[in-house]
There are 2 protein chains.
Amino acid sequence: MRTVYLNGEYLPETEARVSIFDRGFLMADGVYEVTSVLDGKLIDFDGHAARLQRSLGELDMTNPLTRDELLAIHRELVSRNGIDEGMIYLQITRGAPGDRDFVFPDPDETKPTVVLFTQNKPGLANNPVAKQGLKIISVNDIRWGRRDIKTVQLLYPSMGKMMARKAGADDAWMVEDGYVTEGTSNNAYIVKGNKIITRALSNNILHGITRAAVLRFAREAQMDVEERNFTIEEARDADEAFVTSASAFVMPVVEIDGTKLGDGTPGKVAPRLREIYLDESLKTAI
Amino acid sequence: MRTVYLNGEYLPETEARVSIFDRGFLMADGVYEVTSVLDGKLIDFDGHAARLQRSLGELDMTNPLTRDELLAIHRELVSRNGIDEGMIYLQITRGAPGDRDFVFPDPDETKPTVVLFTQNKPGLANNPVAKQGLKIISVNDIRWGRRDIKTVQLLYPSMGKMMARKAGADDAWMVEDGYVTEGTSNNAYIVKGNKIITRALSNNILHGITRAAVLRFAREAQMDVEERNFTIEEARDADEAFVTSASAFVMPVVEIDGTKLGDGTPGKVAPRLREIYLDESLKTAI
């Protein structure tokens with residue numbers, strides 16, 4: 001039985017409950033972060049803490065926890081649950097005002113709800129899926145317009161995963177106005193020769209913490225990085241493709257809408273970037 | 001203290017809690033309905049029950065309750081909480097699978113979460129706001145593309161209400177591709193002469209239960225109804241405007257983006273439609 005964190009308390013997971021009036025439950029009025037754990041240490045913790053702060057700020061919410069308090073809770077959960085490899089999920093909502101109203105509650109009266117829990121994933125770094133690569137389908141991107149805010153409005157990404165599964169694929173890339181935005185829970189990239197192409201940051205995509213690190217490492221390794229829009233057609237014609245996220249790190253894509261990329265196995269660039277990312281991020285893990 | 005309903009039990013409102021793993025809380029994977037109560041009776045109950053069924057179906061969820069079970073719970077809550085005028089809020093989520101995953105849980109293992117609670121609003125039918133009318137601002141509509149499914153992804157509508165409040169207005173109308181879609185929690189209408197103009201049904205707007213009834217009553221009263229797109233500029237130039245929703249019924253709009261409509265008081269059509277709606281829907285209330 002996991003121990004989870006809820007509003008200052010460490011509880012058995014089955015006892016962690018929130019009010020039915022919580023605005024996370026009634027109105028999806030909350031944000032989240034997922035931080036990976038490797039060798040019992042937190043990967044890119046400060047990147048996630050900074051993005052959390054930004055998400056909260058965009059929604060006029062204040063962070064009830066300092067960076068150090070947040071770090072201490074993460075570490076306590078890693079320790080109590082004996083996590084060597086896995087993830088820590090964090091969610092902050094605008095709290096439970098005791099009734100339902102579209103108007104934000106007075107922050108002096110209604111405190112945010114803070115939840116954290118671990119997901120134990122032994123073998124996460126050596127995930128065998130990274131050796132096979134992912135099959136991807138494309139779906140229309142019909143999400144709201146502020147995907148740079150990491151809110152819990154995840155119904156459509158969840159539907160996208162189900163569409164992929166029904167189509168015999170592993171995941172979906174979303175397409176808006178003819179261009180790929182991102183995956184259901186990851187940023188999307190294609191590779192042409194030595195060039196890595198990925199959509200530029202805007203309100204239309206998540207500002208991936210892993211994305212930022214991978215692009216930095218790629219540039220340091222003398223790879224070309226081009227931040228621009230690309231179509232599904234260009235992706236199907238690319239040499240390689242991959243996705244990045246906090247929990248998948250760098251994951252090769254080997255098939256898009258039924259078209260194999262190259263010989264249908266992970267190419268050279270994505271596996272190399274995965275290796276660099278794991279090595280480098282472990283060095284700064286805390 | 002209210003008595004609320006949660007998964008088969010009637011509980012004091014402060015004891016009604018859901019798991020932190022509920023997909024409503026983690027992923028906004030849930031739908032809702034709001035049914036009004038007048039004279040202790042349910043307005044348009046069957047319309048709301050039918051729309052609930054449709055919302056669930058669009059998300060591949062099954063309704064755990066029959067129409068009659070749902071009706072019995074609504075009536076029990078009205079009775080236990082002594083509601084003469086007010087609302088009953090109902091939410092069904094895909095349940096709490098015990099962990100977080102984008103993939104839908106097996107419905108044989110994870111049962112939906114069902115929550116209902118009352119909101120007591122004495123004087124709802126004679127709401128004095130209906131005599132003054134609402135001041136509206138326009139905001140960009142950046143919501144997801146399936147607004148015909150009544151999901152709990154209400155963060156942006158909530159933000160819209162806050163934008164309105166900051167601008168000294170009562171509510172916001174949302175504009176997409178140059179045309180008004182709807183209000184933050186209501187359908188939007190303008191009136192030109194004897195003609196009522198409102199956007200046609202599609203995935204872009206909620207298929208309002210009150211909308212359907214009001215348009216039917218309007219046609220029966222020999223008013224012209226035109227279902228088509230309109231711009232904010234056309235709305236600012238209209239003779240009248242109004243909104244409809246289950247809890248506001250028909251509510252006049254007297255100002256849009258700082259421009260008064262007519263003399264800035266409710267006109268003739270909206271107040272008349274409100275009267276007809278209240279009279280007629282009370283006749284079929286159950």
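A residue counts as buried when its relative accessible area is under 20%, and as exposed when that area is over 50%. The exercises below apply this and related criteria to a predicted model.

**Exercise 1. Classify A:Tyr156 as buried or exposed, and describe its surroundings.**

Solution. Step 1: locate the residue. A:Tyr156 belongs to helix H5 of chain A, which runs over residues 155–166.
Step 2: apply the cut-off. The relative accessibility of A:Tyr156 is 7%, so the residue is classed as buried.
Step 3: list the contacts, leaving aside neighbours within four places in sequence. Within chain A, the partners of A:Tyr156 include A:Val139, A:Asn140, A:Asp141, A:Ile142, A:Arg143, A:Met163 and A:Met174. From chain B, B:Trp144 and B:Gln153 are also in contact with A:Tyr156.
Step 4: consider a separation along the chain. A:Pro128 is 28 residues from A:Tyr156 in sequence, and the two C-alpha atoms are separated by 27 Å.

**Exercise 2. Determine how the two chains are related, and whether they meet through the same surface or different surfaces.**

Solution. Step 1: superpose the copies. A turn of 180° with a shift of 0.0 Å along the axis lays chain A on chain B with an RMSD of 0.0 Å.
Step 2: interpret the operation. The copies are therefore related as by a two-fold rotation axis.
Step 3: compare the interfaces. Of the interface residues of chain A, 100% are also interface residues in chain B, so the copies meet through the same surface.
Step 4: note the confidence scores. The model has an ipTM of 0.97 and a pTM of 0.98. For chain A, the mean pLDDT is 97, and 100% of the residues reach 70 or more.

**Exercise 3. Test the length of helix H2 of chain B against expectation, and establish where its buried residues lie.**

Solution. Step 1: compare the spans. Helix H2(B) comprises 14 residues (45–58), and at 1.5 Å a residue it should span 20 Å; the end C-alpha atoms are 20 Å apart, so the values agree.
Step 2: identify the buried positions. These are B:Phe45, B:His48, B:Ala49, B:Arg51, B:Leu52, B:Ser55 and B:Leu56.
Step 3: examine their directions. The buried residues cover an arc of only 165° around the axis, and therefore lie on the same side of H2(B).
Step 4: find what covers them. The covering elements of chain B include strands S4 (30–38), S5 (41–42) and S6 (86–93), together with helices H3 (67–80) and H6 (209–220).
Step 5: inspect the end of the helix. Just after H2(B), B:Asp60 adopts a positive phi of about 60°.

**Exercise 4. Repeat the analysis for helix H3 of chain B, and then characterise B:Asp84 in the loop between H3 and S6.**

Solution. Step 1: check the length. H3(B) has 14 residues, and its first and last C-alpha atoms lie 20 Å apart, close to the 20 Å expected at 1.5 Å a residue.
Step 2: list the buried residues. They are B:Leu70, B:Leu71, B:Ile73, B:His74, B:Leu77 and B:Val78.
Step 3: view the helix down its axis. The buried residues of H3(B) fall within an arc of 160°, so they line one face.
Step 4: proceed beyond the helix. B:Gly82 takes a positive phi of about 55° just after H3(B).
Step 5: turn to B:Asp84. With a relative accessible area of 43%, B:Asp84 is partly exposed. Not counting residues up to four places away in sequence, B:Asp84 touches B:Val37, B:Leu38, B:Asp39 and B:Gly40. B:Asn120 is 36 residues from B:Asp84 in sequence, with a C-alpha to C-alpha distance of 7.7 Å.

**Exercise 5. State which residues have the most contacts inside the largest nonpolar core, and trace the contacts of A:Leu273.**

Solution. Step 1: recall the general tendency. In soluble globular proteins, nonpolar side chains tend to be buried together.
Step 2: describe the core. The largest nonpolar core holds 88 residues, and those with the most contacts inside it are A:Ile20, A:Ile196, A:Leu273, B:Ile20, B:Ile196, B:Phe242 and B:Leu273.
Step 3: follow A:Leu273. Apart from neighbours within four places in sequence, A:Leu273 contacts A:Ile196, A:Val214, A:Ala218, A:Met223, A:Phe242 and A:Val250.

**Exercise 6. Describe the backbone and the accessibility of A:Gln222.**

Solution. Step 1: place the residue. A:Gln222 is in the loop between helix H6 (209–220) and strand S13 (224–227) of chain A.
Step 2: read the backbone angle. A:Gln222 is not a glycine, yet its phi is positive, at about 70°.
Step 3: apply the cut-off. At 63% relative accessibility, A:Gln222 is classed as exposed.

Conventions. Residues numbered from 1 in each chain as written. Chains lettered and ligands numbered in written order. Predicted model: local features only at pLDDT ≥ 70, side-chain atom pairs only at ≥ 80, totals over all residues. Heavy atoms only, no water. Helix = DSSP H or I, 4+ residues; strand = E, 2+ residues; numbered from the N terminus. Expected span 1.5 Å × (residues − 1). Buried < 20%, exposed > 50% of the residue type's maximum accessible area, 1.4 Å probe, protein only. Arc of directions from axis to C-beta. Contact = heavy atoms within 4.5 Å. Core = buried A, V, L, I, M, F, W, Y, C linked by side-chain atoms within 4.5 Å. pLDDT = per-residue confidence, 0-100. Least-squares fit on C-alpha atoms with pLDDT ≥ 70 in both.
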